Amino acid sequence: MQLDNASVAQLREWESQLTEQYQAILAKKLNLDLTRGKPSAEQLNLSDAMDGLLQGNYIAADGTDTRNYGGLDGLPEAKQLGANIMDVDAANVLVGGNSSLTLMFQVMLTAYQFGLKDSASAWKNEGDVKFLCPVPGYDRHYTVCEQLGIKMINVPMTSTGPDMDVVESFIKADSSIKGMWCVPKYSNPTGVVYSDETVERIAKLGQIASANFRVFWDNAYSVHDLSPNAPKLASILEATRRHGTEDSVVQFASTSKITHAGSGVAFVAASAANLAGFKKFLNSCTIGPDKVNQIRHTRFLPTKDALMAHMGKHAELLNPRFDAVLTALGKAFDGTDLGAWEKPVGGYFVSFDTRKGCAKETVRLAAEAGVKLTPAGATYPYGKDPEDRNIRIAPSVPTVPEVVGAMEVFVTCVKLASVKQQLA
Ligand code: PLP
């Protein structure tokens with residue numbers, strides 16, 4: 001199918017064929033869901049051995065009784081688990097509660113309201129505060145900025161990460177830009193892994209940005225490979241050390257999609273100065289995190305090898321689902337002008353770009369046919385996809401036959417929305 005060169009007669013013929021296919025789908029009264037970027041029950045089962053694992057032994061390696069208060073920045077062995085996940089030094093890690101998103105919000109609040117360095121460094125002192133948002137991206141990042149009144153500026157994603165020419169020129173032109181969101185490995189939703197050059201250029205932003213600029217490096221999918229030959233993400237920590245910009249990057253990760261999504265352990269990795277600033281804030285919120293959960297996690301995943309072997313089991317469950325999505329897209333759209341997508345080798349999503357102006361209609365048609373998709377626009381700040389093109393597909397929860405069924409509906413809806421729009 002090539003819509004750009006098709007005659008009106010040809011388009012009408014396709015429209016009537018597709019409408020017939022769509023009606024047949026409607027008659028099936030499906031109820032399928034490709035919205036949820038969370039682990040399936042089978043994946044959660046992989047970590048059930050954590051239940052009862054402690055058997056009364058609550059004492060950490062350094063003698064800490066994990067049942068008691070204290071330990072604001074986490075147990076040493078939990079820091080090492082975070083270091084294994086994020087590929088950083090344990091000395092740079094702070095261990096939090098169950099959610100990295102909470103830590104991201106708290107670090108952003110600290111930077112905005114109180115200053116990560118001192119009160120003079122608080123962003124609120126400088127009037128307008130703006131953040132760069134590679135798009136499409138993760139909607140919850142945008143919610144954090146919206147809640148704090150931080151204005152968001154779109155930066156296009158490429159197959160090697162954010163368009164760094166655009167990033168650098170925005171930063172040079174506008175001193176109210178105080179940071180940028182990044183999901184550097186298996187980006188949500190495009191699945192892109194940032195290239196070495198992109199990591200290097202991001203590490204140098206601290207040299208050209210205004211004071212107190214911080215990259216929020218959300219490495220949520222750092223070990224979530226679908227293949228043993230996973231692409232390697234360059235170390236942003238090493239790069240910032242080389243460029244003398246260590247304070248300009250704060251990293252985040254969690255075990256949410258490693259163990260039990262709702263009761264994992266989350267981590268921040270940052271320079272000593274950033275950690276000190278954040279701990280000052282944290283000290284006013286809590287006497288300490290859930291260290292019993294931390295020690296359960298470290299006993300379950302004691303080494304990097306144990307962690308990677310565990311992630312291999314997730315990959316076994318996820319791979320057939322991703323294959324089902326990518327096979328359906330390839331069969332329907334290879335060689336056409338109906339859409340574009342990346343082929344991720346990790347993470348939780350496949351991101352599909354329709355022709356301009358077709359995403360909302362595709363999502364609407366699919367919903368009527370019983371297939372729920374993430375609302376079009378959700379992958380953009382303020383819910384506004386300026387070209388109405390991007391749709392996020394999350395295949396982890398449905399069974400493989402359900403993914404196959406949902407993708408049949410998806411491709412039909414993309415085709416029908418595209419043909420109708422070309423005729424309009
Ligand atoms: N960051 C990204 C990029 C995500 O996709 C998600 C969840 O989907 C999160 C963070 C949430 O992480 P947590 O469960 O640690 O709060």
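Reader: Before we get to Cys182, what number of C-beta atoms makes a residue buried or exposed?
Author: Count the other C-beta atoms within 10 Å of the residue's own, with C-beta atoms placed from the backbone. With 12 or fewer the residue is exposed, in between it is partly exposed, and buried takes 20 or more.

Reader: What kind of model is this, and how are residues numbered?
Author: This is a predicted model, where local features need pLDDT of at least 70, side-chain atom pairs count only at pLDDT 80 or more, and totals for chains, interfaces and linings use all residues. Residues are numbered along each chain as its sequence is written, starting from 1.

Reader: OK, is Cys182 buried or exposed?
Author: Cys182 sits in strand β6; strands here are DSSP runs of E, at least two residues, and helices are runs of H or I, at least four, numbered from the N terminus. Cys182 has 27 C-beta neighbours inside 10 Å, so the verdict is buried.

Reader: And which residues is Cys182 in contact with, leaving aside neighbours within four places in sequence?
Author: Contact means that two C-beta atoms, placed from the backbone, lie within 7 Å. Tyr138 is 44 residues from Cys182 in sequence, and their C-alpha atoms are 9.4 Å apart. The contacts of Cys182 beyond four places are Pro134, Ile202, Val215, Phe216, Trp217 and Asp218.

Reader: Which residues surround the ligand?
Author: A residue is near the ligand if its C-beta atom, placed from the backbone, lies within 6 Å of it. That shell holds Gly37, Ser99, Ser100, Leu101, Tyr138, Val183, Asn188, Asp218, Ala220, Ser254, Ser256 and Ala266.

Reader: How does that shell divide into nonpolar, polar and charged?
Author: Ala, Val, Leu, Ile, Met, Phe, Trp, Tyr, Cys and Pro count as nonpolar. Asp, Glu, Lys and Arg are charged, and the others, Gly among them, are polar. For the shell around the ligand, that gives 5 nonpolar, 6 polar and 1 charged.

Reader: Zooming out, how does the radius of gyration agree with a compact globule?
Author: The protein has 14 helices and 13 strands, and its C-alpha trace spans about 75 × 55 × 35 Å along the principal axes. The radius is taken over C-alpha atoms, and the globule rule is 2.2 Å times the number of residues to the power 0.38. With 424 residues that rule gives a radius near 22 Å, which agrees with the protein's 23 Å.

Reader: What share of contacts join residues at least 24 apart?
Author: For background, buried residues make up 47% of the 424 residues. Taking contacts between residues at least 6 apart in sequence, the share joining residues at least 24 apart is 76%.

Reader: At what angle do α1 and α14 cross?
Author: Two packed helices are described by the distance between their axes and the angle between them. The axes are lines fitted to C-alpha atoms over the stretch in contact, with angles from 0 to 180 degrees between N-to-C directions. Helix α1 (residues 8–27) and helix α14 (residues 400–423) have axes that come within 9 Å, and they cross at roughly 145°.

Reader: Which residues meet there, and how do they divide by type?
Author: From α1 the set includes Leu11, Trp14, Leu18 and Tyr22, and from α14 it includes Val409, Leu416, Val419 and Leu423. The residues of the contact of α1 with α14 divide into 9 nonpolar, 4 polar and 3 charged.

Reader: Where are the cis peptide bonds you'd point out?
Author: Pro136 is in the loop between β3 (130–135) and α5 (139–148), and Pro189 is in the loop between β6 (177–182) and α7 (196–203). Omega is near 0° for the bond from Val135 to Pro136. For the other cis bond, omega is near 5°, and that bond runs from Asn188 to Pro189.

Reader: Lys29 has a positive phi; is Lys29 buried or exposed?
Author: Phi of Lys29 is about 50°, although the residue is not a glycine. Lys29 is in the loop between α1 and β1 (32–33). Lys29 has 8 C-beta neighbours inside 10 Å, so it counts as exposed.

Reader: And Asp87, buried or exposed?
Author: Asp87 also has a positive phi, near 60°, in the loop between α3 (76–86) and β2 (93–95). Its 21 C-beta neighbours inside 10 Å are why Asp87 counts as buried.
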